[in-house]
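The report below describes a two-part view: first the strands and sheets, then single residues. The sequence and the structure are shown here for reference.

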Amino acid sequence: MTSYVEQALLSAQCVEGSETVCVCCGGRYPGTGRQCTRCRAPLALSHTTRAAGRRPKFVSVMGGPNAGKTVYLGMLMDMLSKGVLGMNGIAKGSHSVEVQNRTISALEQHRFPEKTASEADEWQWVHCELIRKGRRKMPLDLVTADFAGEAIALELEHSGTFPSIQAVVSQSVGVLLLCDAFSVSRDPLNEDISALKLVSYIHGVKKAKSTRRNDRRSDVPLAIVFTKCDRCPEVQEAPQQFAANHMPRLTQYCERAFSHVCLFAARVVANSATRLDEYGRCSEIALHVEPHGIAEPLDWILKSC
Amino acid sequence: MTVSAWIHRTVQHFQQSFAPVVMTRPPIDADLPNANPSNKQQAIGGKYCVVLTSEPPPGEAALVAAWKMLEARTGLVPAGNTCLLPAFESRYSTPAPAFDQRQLVTVSAFYIDRHAVTNEQFERFVMDGGYDREELWPPEICAHVLQFRDQKGHPGPRFWSAGKPPIQKRKHPVVGISWFEANAYARWSGKRLPTAAEWQRAASWSCTHGAASEARYPWGNAFDPQRANTWHSGRGDTAAVDDYPLGATTNGICQLIGNTWEWTSDCIDARREGNSQIIFESLLAEIRGGAFDTYLETQATCQFRTGQPPLYRRPNIGFRCCISAQDLPCPPDPASLLEIHKL
């Protein structure tokens, strides 16, 4: 794995002949292909990051199925495009607007976006040039992807099934781990174990890359974000307490395995309802949009890394 | 009985049996934004309440003064029609709601507060023992009234401390109050919460040429973050009730859009929509107008309808009161009112 990570770090600048090197995994794009043959990252992503001329900063958005990754990422990108917490984001390339577009269009119609497909070539990738207020530094190029929760779960069971997940986590300067607060409150044991598997995977991938092998702790900032807090208001008050009460295994593991961990509570809608159609199928309705705690985790990661 | 069913029954009982206005105490209006000293003196004299009581007026002069005070505090919304969209639908959503889903409602003339109820005003209700007065609360809710506490366990809004609002927010709208607390205050002050149709009419009547042409905002159809405190203003918190004067209606009703959502007296229940059914976890009390954290402009309009459970005490929901014009005694002779204005 180390070899392709090293390749990836150079890939933003590296083009050999007519073949572009994938910014995510270091793989090659075939002559007429629009996606990396190894990780399925779009060619446009590698082009925009290469054109920026800076080494991109990857941030992983991880979480199980139905954790709210698409809504969270879409809302975050939309807020960055308007400016939030002193951060202003400019999407680079039309592919970078897609997840934001899907999310906001759906919420305007009181729906949530469709579930992200499990096939890697259907995932949306984002490259965002981020300018931070009061920083004299150059803008930074943020890269992330909207992975399907089912694919993440499969990757945990069979590492290497989805090379892009491992590649993104490996390169990430920070990880956002999303947990559905409502599911955690209803089924804490299951959610605790699932989250534990995820952080264990993240820790394993990061340690494999780390040069300080003797240090058991990873220094990548890990933001644990409890989503859907509209359905679980007690999280909003005290996410640390909520995590300690409902997810003791995760809390203990993170304390031992990560140097920088912070807990956040987030919600996008203020309330939701259920639509039951004539065939008995249920779908959720978003009542009104009131984002809280969306940009704070990213702000913390960027300050910590 | 489930909690949802219990809340449903309690709200219905409240709406049916607590409608009559009973004046219990003069609302002293010395805190009136932009009030001039003479207005304050009249208010401290309690003359405003003369209009709201059913008792015989003490005299023509007192009645005129009270009317003047009432007009300073409230704005008259003339009778007329308003067009309610189905809840959670925006007039501008795609596809637009079908005409047969829209509901034309006729509204009688009423007076509505020019500003949302402030922390300072609500403090008088708390100091007057509003949380202990049984007549202001439906019996079914009494157990919950004991839980309507502030951060130090005193009766009061959720974000207060030791029965006092944050000192820097005395002129801000009171928030962290449930639908029941809003109703109790309204009863205590001799008024009531507006219905959803009344609220909408107050926000959009002055721009109308018939119900079909109701404007999206009190100032027109284009959103302007300078006129309302929403997410786009970047404030991230409530503002004083007299901020954003450019967002007022033409008859001077302020901040109907933005700052805080406002409880109305209506409730939203499960409903059918074509062949599908919309189900809520619990009954919702309707809220209107958007708040400081409302993200989508299409959801901070005069027409947008949404709700929250009536027991929720959110940091972005406040309220204002109103009173039907027909519940007031006859207004004084306009000429004598003019005399008072001259004085």
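Which residue of strand 4 of chain B stands opposite B:Thr74? The partner is B:Asp113. The model is a predicted one, and the account starts from this pair and its sheet.

**A sheet in chain B**

B:Thr74 and B:Asp113 face each other across a strand pair: strand 1 and strand 4 (residues 110-113) of chain B run antiparallel and are joined by four bridges. Both strands belong to an open sheet of three strands in chain B, ordered 1-4-11, with antiparallel pairing. Its edges are strand 1 (74-77) and strand 11 (322-324) of chain B; each has a single partner strand, so one side of each has no neighbour in the sheet. On average, neighbouring strands of this sheet are turned by 20° against each other, direction ignored.

B:Asp113 itself lies in strand 4 of chain B. The residue counts as buried because 24 C-beta neighbours fall inside 10 Å, the cut-off for burial being 20 or more. Apart from neighbours within four places in sequence, B:Asp113 is in contact with B:Arg73, B:Thr74, B:Arg320, B:Cys321 and B:Cys322. B:Leu70 is 43 residues from B:Asp113 in sequence, and their C-alpha atoms are 9.0 Å apart.

**The sheet of chain A**

Chain A holds an open sheet of seven strands in the order 4-5-6-3-7-8-9, and its pairing is mixed. Strand 4 (87-91) and strand 9 (261-265) of chain A are the edge strands; each has a single partner strand, so one side of each is left without a neighbour in the sheet. From one strand to the next the twist averages 25°.

At one edge, strand 4 of chain A pairs with strand 5 (residues 124-132) of chain A in the antiparallel sense, over five bridges. Within this pair, A:Gly89 stands opposite A:Leu130 in strand 5 of chain A. Helix 2 (residues 43-52) of chain A packs on the sheet and touches strand 5 and strand 6 (140-146) of chain A. The direction of helix 2 makes about 20° with that of strand 5 of chain A. Helix 8 (residues 188-209) of chain A lies across strand 3 (57-63) and strand 7 (172-180) of chain A, and runs at about 170° to strand 7 of chain A.

**The two chains as wholes**

Chain A has twelve helices and 13 strands. Its radius of gyration is 19 Å, close to the 19 Å that the globule rule gives for 305 residues, so chain A is as compact as a globular protein of that length. Along the principal axes, the C-alpha atoms of chain A fill a box of roughly 55 × 45 × 45 Å. Chain B has nine helices and eleven strands.

The table lists burial and contact range for each chain; the last column refers to contacts between residues at least 6 apart in sequence.

| Chain | Residues | Buried | Contacts joining residues at least 24 apart |
|---|---|---|---|
| Chain A | 305 residues | 50% | 69% |
| Chain B | 343 residues | 47% | 71% |

**Where the chains meet**

How many residues of chain A are in contact with chain B? There are 18 residues of chain A in contact with 16 residues of chain B. On the chain A side, helix 4 (98-108), strand 11 (272-276) and strand 13 (289-292) are the elements that give two or more residues. The residues of that side divide into seven nonpolar, six polar and five charged.

Strand pairing also crosses between the chains: strand 11 of chain A and strand 7 (residues 276-279) of chain B pair in the antiparallel sense over three bridges. In this pair A:Arg275 stands opposite B:Ile278 in strand 7 of chain B.

**Two asparagines with positive phi**

Most residues other than glycine have a negative phi. Phi of A:Asn66, however, is positive, near 65°, and phi of B:Asn259 is positive as well, near 70°.

A:Asn66 lies in the loop between strand 3 and helix 3 (69-82) of chain A. B:Asn259 is placed in the loop between helix 8 (196-204) and strand 5 (261-268) of chain B.

Is each of these residues buried or partly exposed? A:Asn66 counts as partly exposed, with 15 C-beta neighbours inside 10 Å, whereas B:Asn259 is buried, with 34 other C-beta atoms within 10 Å.

Key
Residues numbered from 1 in each chain as written. Chains lettered and ligands numbered in written order. Predicted model: local features only at pLDDT ≥ 70, side-chain atom pairs only at ≥ 80, totals over all residues. Pairing = 2+ DSSP bridges. Axes fitted to C-alpha atoms, helices over the stretch in contact; angles between N-to-C directions. Contact = placed C-beta atoms within 7 Å. Rg over C-alpha atoms; globule rule 2.2 N^0.38 Å. Buried ≥ 20, exposed ≤ 12 C-beta atoms within 10 Å, placed from the backbone. Nonpolar A, V, L, I, M, F, W, Y, C, P; charged D, E, K, R; others polar.
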